[in-house]
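Student: I have a structure to go through. Can we take the terms one at a time and ask what earns each of them?

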Amino acid sequence: MIGVVRFPGSCDEVDALKAASLVDDARILWHQETDLNGVDAVIVPGGFSYGDYLRVGAIARFSPIMGAVIELARGGGPVLGICNGFQVLCEAGLLPGALLPNQSLRFVCRQVEVEVVDAGTPFTRACEEGERLSIPVKHTSGCWFAPAEQRDRVRVVLRYAPGHNPNGSVRDVAGVCNETGNVFGLMPHPEHAVDALEGSTDGRKLFSSLASVSV
Amino acid sequence: MSPSDLAAPWRSLGLTDWEYEQIVDKLGRGPNRVELAMFSLLWSEHCGYKHSKKLLRALPTEGERVVMGPGENAGAVDVGHGLAVAFKVESHNHPSAVEPFQGAATGVGGILRDVFAIGARPIALLDSLRFGEPVSSRSRYLLDHAVAGIGHYGNSIGVPTVGGEVYFEGPYEANCLVNAMCVGLAPQERLIRAAAGGVGNHVVLMGASTGRDGIGGASVLASAELDEGDQLKRPSVQIGDPFEEKKLLECCLELLERELLTSLQDLGAAGLTSAAAEMASKGEVAIDLDISRIPLREPGMEPFEIMVSESQERMLAVVSPERLDAAFAVCERWEVRATSIGRVAEGDALRVFDGEELVGDVPVRALVDECPLYDLEPDEVQRPRYRAPPELLSSEDPAVNLLALLASPNLTSRRPLFEQYDWLVQSRTVRRPGEADAAVLVLPSGAAIAVAIDGNGRRVAADPERGTAEAVYECAANLACVGAEPLGLTNCLNFGNPEKPGIAWQLTRAVAGLGDACRALGVPVVGGNVSLYNEGPQGPIYPTPVVGVVGELPDAARAGRLGFANEGDAIALAGRYAPSLEASELAKLRGKPLPNELPGLDVDELRRTLAAVRGGVRSGALASAHDIAEGGLAVAIAECCIAGGVGAEVALPPGAPSAPTGAASGPTGAASGPSDAPSAPTDPIAALFGEQPGAFVVSGEEGALLALDAEIAVIGRVGGAGMRLRAGEASLEVPVADLRHAHASGLASFFP
């Protein structure tokens, strides 16, 4: 069972729920809950959690449900953060680095290509290393950054393909995981790439990877 | 305030002496400050439509699929499977001219509330923008900030911005236009009206607290011409909070889903005054409000300020006493503030109490239904004359003209703008901006709706009646290109000061053209908005009726695209194409003055062509479909090449691209009489770049194209890396990469 967190300002939680439902049972986790109610994987979706008028994700990190999500992550359970979810997981200290405003200082919504750098995570095991995925991005603060001395130690999972970096992130990073690989955050929106009618199905691979660990 | 205004305070609130006398008459006494403020807003043009209501009555509003017509917060049409689609377009022009980011953002916030006020979940936004030429730094500033404001609100609230349009013309330099359209989806039985009911029921104010922002926005800003003191009006612009609205939206939809509300109304222009008066008027009941219970942002607010505040993100609901606790519980879950601020009562009064003290007592009918309505005094002789644009282009070389048009502000790629909008959230977007002539959104059944918004002010300035009809035809053409048939139409009439006879003439003719075109195509008007007094120190804007149309198509998977799809496909011109350079984009670049009228067109033929293209897209016979609009045939073909990433070789038959011989026949609705039948241009430049609605560039297998029931001329083939086009003596050959480069360049430099 996959749980999808819903903050009051989440925007893509229904889309993430639909995408997760293609591969597994899935349910919404309300932000005021403190218990995961038996779900064994969590998606923190895109949107603007609590308005994000402060630094993105800075408030969400303290929400009641995040206590349970952090506990799951520390126990090795799979946690996927998409866009705002990635920002929240960085704020929560579950993922390295931070998401800065895009170099353009503008919101950007665009179909981009990303390359799978690490196919050994629970989220990318259905992919091959070097494989290219076409997935849209949409964000204002997606420029991943980490201090130079940390960068070499970070497990990069996805990189924007050459010429596709929409935000100026360091080393074209599109998604990273923690050292143990069970927490993964990415700026592109795989939940918006699961139906050919809407343009691409490449995002399905990330969800089907997740399903095979969430049993 | 001048000395005469001190003696007559209603003048500075925008009321005439005669209107003030009417108020005294209806009350049987002089209004106090609260009452005067309430009247001044509800009797403003923005709320009372006092110069336009009589005209609008002539528009067709009936149709088999209409579920909700004009008068409600938004119109709605039946899309089958028990679902209704609600939609409306509204202006936020003057606030955006004063403070573009917040003006545009709150314009989006306001139109979203209109749609969820009737119980529909907002599923799409579109916007229609007009600015002065981008060579002006003010225009670039307005554009940049308005686009950022639209994105800020729509992106943050999780409603996709799926389409829109923007034009740049000198007459919008001082007075830009920002019109926003919202489309919502709801189970039909969940749609709710605004009429208050049930004596004793609670009147509940939900959402943000009430502050001093937006005091008098509807009267001071929206119903007067802009002038040099406008920076001082900045406090009349509201500040948007999309997070608050997101919670409010979800909360209201949950309240409706649980059937906890009797009625619902958003607070927009004129705030609480308008919302409460509208609800009481529609329900034919009285409402008593106690403003001392309203949560305020700052202490010391006067009762009149509370009653007219335009603080954003607020809704008013009527709730029966036994459901009040359950309703409050839902609000608490969403962290939405909700306060019972009054009761529904018997009678016909809007009574305002401040605690125990009665501070305002107004007959609702006088406030809402008896707003004075004025007859316009149109006079064609006094029609505004617009200055000819500067001459930017004089070449006769077709390739030079084509590349100049593709890079010109009105035709260049909108990618730098629409990339700032989330167009995919909610997972319904089947055709993204730039992929097709209309946005396409899939419904749960697998069918889809298509939406387009359009309006060409320059052509309306040349000929208000035909120019406005063309906007309707253009939307219908856009819908046909994705395979959709129109179900209903909304409009926003952006004009200058209607008290001037020349503007009154533009408005009168435009509404006539709108009505005729809607009748000709069988499309009912389900709602709309009027924005008058759009004038700056240099004069009025181009008259700009903006038309939004929602249509349906049976299979989302077969929605049409504009780009050429397959090498070797035949390219055909569908429909009666009789292009003219009058009022065209090329004429603008060449610095030509506007003509005094536009050519007419044969509406029967247009209807036949629309049906043929729509049918061809639905059946899969057409691999691509694109209507010929600004920039004419050459630009249309270039756009098909750019979108498809493939070249084309096209030769127009000698003499004319089409053969409109003889007079137009049959009832021609808004457009032409027999004497207006257009003649084929012999000038190859006109054949390539002339404009005239009602024709399409389509591609597919030649046999399938020739089988379409429309005037069809196969004119070329898809293929190669270049666009080659020949028309008589004139020819051009441009690599697709160069087309793409020119098309991408026009706005990109403003959004590095």
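Student: Why does Ala98(A) count as partly exposed?

Tutor: This is a predicted model, so every value here is computed from it. Ala98(A) has 17 C-beta neighbours inside 10 Å. Buried needs 20 or more, and exposed needs 12 or fewer. The value 17 falls in between, so Ala98(A) is partly exposed.

Student: Where is Ala98(A), and with which residues is Ala98(A) in contact?

Tutor: Ala98(A) belongs to strand β5 (residues 98-100) of chain A. Leaving aside neighbours within four places in sequence, its contacts are Cys90(A) and Phe145(A). Phe145(A) is 47 residues away along the chain, yet the two C-alpha atoms are 5.4 Å apart.

Student: What makes β2 and β7 of chain A edge strands?

Tutor: Start with the strand order, β2-β1-β3-β4-β11-β10-β9-β6-β7 in chain A. That is an open sheet of 9 strands with mixed pairing. β2 (26-30) and β7 (132-139) each have a single partner strand, so one side of each lacks a neighbour in the sheet. On average, neighbouring strands are turned by 25 degrees against each other, direction ignored.

Student: How do you know that β6(A) and β7(A) pair?

Tutor: Count the bridges. Pairing takes at least two. Strand β6 (residues 108-116) of chain A has 8 bridges to β7(A), so the test is met. The two strands run antiparallel. Within this pair, Cys109(A) stands opposite Lys138(A).

Student: Which helices lie against this sheet?

Tutor: Helix α1 (residues 13-21) of chain A packs on the sheet and touches β1, β2, β3 and β4 of chain A. Its direction makes about 175 degrees with that of β1(A). Helix α3 (residues 84-91) of chain A lies across β3, β4 and β11 of chain A. The angle between α3(A) and β4(A) is about 120 degrees.

Student: What does chain A bring to its contact with chain B?

Tutor: Chain A gives 20 residues and chain B gives 23 residues. On the side of chain A, α1, β6 and β7 each give two or more. β6(A) has the largest share, with 3 residues. By class, that side has 9 nonpolar, 4 polar and 7 charged residues.

Student: Why is chain B called as compact as a globular protein of that length?

Tutor: First, its secondary structure: 26 helices and 28 strands. The globule rule gives 27 Å for 752 residues, and the radius of gyration of chain B is 26 Å. The two values are close, so chain B is as compact as a globular protein of that length. Along the principal axes, its C-alpha trace spans about 85 × 55 × 50 Å. Of the 752 residues, 63% count as buried.

Student: How much of the contact in chain B links residues far apart in sequence?

Tutor: Take the contacts with a separation of 6 or more. Residues 24 or more positions apart account for 85% of them.

Student: How do you know that α19(B) and α20(B) meet, and what is the hand of their crossing?

Tutor: The axes of helix α19 (residues 464-482) and helix α20 (residues 501-521) of chain B come within 7 Å. They cross at roughly 35 degrees. The crossing is right-handed. Residues from both helices take part, including Val472(B) and Tyr473(B) in α19(B), and Leu514(B) and Leu521(B) in α20(B). By class, the contact has 11 nonpolar, 3 polar and 4 charged residues.

Notes: Residues numbered from 1 in each chain as written. Chains lettered and ligands numbered in written order. Predicted model: local features only at pLDDT ≥ 70, side-chain atom pairs only at ≥ 80, totals over all residues. Helix = DSSP H or I, 4+ residues; strand = E, 2+ residues; numbered from the N terminus. Rg over C-alpha atoms; globule rule 2.2 N^0.38 Å. Contact = placed C-beta atoms within 7 Å. Axes fitted to C-alpha atoms, helices over the stretch in contact; angles between N-to-C directions. Left-handed = near helix turned anticlockwise from the far one by under 90°. Nonpolar A, V, L, I, M, F, W, Y, C, P; charged D, E, K, R; others polar.
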